[in-house]
Amino acid sequence: MSCEEPTTSPTPENNITVVSSDGKEFLLDLKLTEQSETLARLISNFEYDRTDVKKDPVPLGNITSAQMQKIIEWLQHHRYYPKWEQNDIHYSTSFTFETWVEEYLNIPNNEMFELLNAANYLNIPRLFSTICRIMASRITGKSAEQIRTVLNIKTDVKNDVYTGIPIQEDSSSSEDGMSEISLSPSPPPI
Amino acid sequence: MENTSKFPLLHLPILAIKEVLSEVTPLDLINFSMVSRKTRLIAQDPVTEFKKYVEYAMEVFNWPTVKRLNIEKSTFVTFDQLSSFNCVSIHLSQTSISDKELNQFFKNWTTSKSNLNLQDLFIGIKDLESLETIFDLPHEVVDPGTVRTLHRGNHPIPVSGGIDIKRDDGTVATCYTQVCIGSLYLAMLVHLKL
């Protein structure tokens, strides 16, 4: 059994055990689980916050031990942060991140992809939103061709050689068909 | 934080993809939509959302003004819509506007009720017999031997004969038929004060 050791060592009363997909167990302070809506709901449903309730280990079939370690690192760092609030109408995108976050997410893209999936599964909104903003920062300001390279997408659309704009191959998908360019067929000179 | 391994964004749950796209600009969204058919589908909702802002700006601030409108398959365009297009140039192929509606369109134009900015209309008609209904309004048939130079945009167009109609402010337009890729069109060019 491998146990993570948070700054404040969890006692049996204030922790739960989660089990990763590869069978590793992690002791998690209940305070940390508040950042995960999935875990918080589970704890509430099973009343694991009560000291007189027996806590069975929680299997997390979609999370590997490596991902769990990474997630616990995130939860530890944000332990005393205020509760995550949904963006309000005054929200504006910022692609500036605190140094700790930049270092934390300085990982290969495939690991970041897995971490985003894990954050989505465990419903950790601050982590989920942060990774999404990192991804958005890699798309923003780029041309379609550059985005293709970043996201490793092979094109399946034909682009106009001059403008780079996709040619509508399926005329039925041209919605309202409005355009500002010259008529096709164009009126020939008389 | 650049690294060389790829991030398969499109393999993420749609919720995550939408969250990523919610952070980028409308221009980024449009570039994203050009990447592949799938990205075009994914970007459809947020781009539609952006379109509402554009439509609001067009309606409230009269911006941007569409000067030239070309609709290749225009069967969906109604008479009311045609009358509301305050464009300089309207080109409609495969239209469902009837001869009677076109007649009303020209009557409205001659009485300054609609399309005041129109300089160039090019619209499909069924046959030459349609002209009887369409021009059931005051007009003047010009001798076919008379050639005048009118303009489509900046391009000079020599027009032989045609039918002149006159707006109540004195503006004159010449209408004439033209076959284009096997279809018959009615062209209307307003005489510009150059």
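Analyst: A crossing of two helices is left-handed if the near helix is turned anticlockwise from the far one by less than a right angle, and right-handed if it is turned clockwise. The model discussed here is predicted.

User: Which hand does the crossing of helix 6 of chain A and helix 1 of chain B have?

Analyst: Helix 6 of chain A covers residues 125-139 and helix 1 of chain B covers residues 14-21, and their axes come within 8 Å and cross at roughly 60 degrees. That angle makes helix 6 of chain A oblique to helix 1 of chain B. As helix 6 of chain A passes helix 1 of chain B, the crossing is right-handed.

User: How many nonpolar, polar and charged residues are in the contact of helix 6 of chain A with helix 1 of chain B?

Analyst: From helix 6 of chain A come A:Phe128, A:Ser129, A:Cys132, A:Met135, A:Ala136 and A:Ile139, while helix 1 of chain B brings B:Leu15, B:Ala16, B:Glu19 and B:Val20. Sorted by class, the residues of this contact are 8 nonpolar, 1 polar and 1 charged.

User: How is helix 7 of chain A oriented to helix 2 of chain B, oblique or roughly perpendicular?

Analyst: The axes of helix 7 of chain A (residues 144-151) and helix 2 of chain B (residues 26-33) come within 8 Å and cross at roughly 70 degrees. An angle of 65 to 115 degrees counts as roughly perpendicular. Helix 7 of chain A is therefore, with respect to helix 2 of chain B, roughly perpendicular.

User: Which residues of helix 2 of chain B make the contact with helix 7 of chain A?

Analyst: The side of helix 7 of chain A is formed by A:Ala144, A:Ile147 and A:Leu151, and these face, in helix 2 of chain B, B:Asp28, B:Asn31 and B:Phe32.
The contact of helix 7 of chain A with helix 2 of chain B divides into 4 nonpolar, 1 polar and 1 charged residues, and the residues asked for in helix 2 of chain B are B:Asp28, B:Asn31 and B:Phe32.

User: Which element gives the most residues to the largest nonpolar core?

Analyst: The largest nonpolar core has 57 residues, of which A:Val18, A:Met68, A:Ile71, A:Leu105, A:Leu127 and B:Phe32 touch the most other members. With 8 residues, the element that gives the most to this core is helix 6 of chain A.

User: Which residues of chain A are in contact with B:Phe32?

Analyst: Leaving aside neighbours within four places in sequence, B:Phe32 is in contact with B:Leu9, B:Leu10, B:Leu21, B:Thr39, B:Ile42 and B:Ala43 of chain B. From chain A, the residues in contact with B:Phe32 are A:Ile147 and A:Leu151.

User: How are helix 2 of chain B and helix 3 of chain B oriented to each other, roughly parallel or roughly antiparallel?

Analyst: The axes of helix 2 of chain B and helix 3 of chain B (residues 37-61) come within 8 Å and cross at roughly 155 degrees. Angles over 145 degrees count as roughly antiparallel. The crossing of the two helices is left-handed, and helix 2 of chain B and helix 3 of chain B are therefore roughly antiparallel.

User: Is B:Ser83 buried or exposed?

Analyst: B:Ser83 lies in helix 4 of chain B, residues 79-84, and, not counting residues up to four places away in sequence, touches B:Phe105, B:Ser114 and B:Asn115. Because its relative accessibility is 18% and the cut-off is under 20%, B:Ser83 counts as buried.

Methods. Residues numbered from 1 in each chain as written. Chains lettered and ligands numbered in written order. Predicted model: local features only at pLDDT ≥ 70, side-chain atom pairs only at ≥ 80, totals over all residues. Heavy atoms only, no water. Axes fitted to C-alpha atoms, helices over the stretch in contact; angles between N-to-C directions. Helix = DSSP H or I, 4+ residues; strand = E, 2+ residues; numbered from the N terminus. Parallel < 35°, antiparallel > 145°, perpendicular 65-115°, else oblique. Contact = heavy atoms within 4.5 Å. Nonpolar A, V, L, I, M, F, W, Y, C, P; charged D, E, K, R; others polar. Core = buried A, V, L, I, M, F, W, Y, C linked by side-chain atoms within 4.5 Å. Buried < 20%, exposed > 50% of the residue type's maximum accessible area, 1.4 Å probe, protein only.
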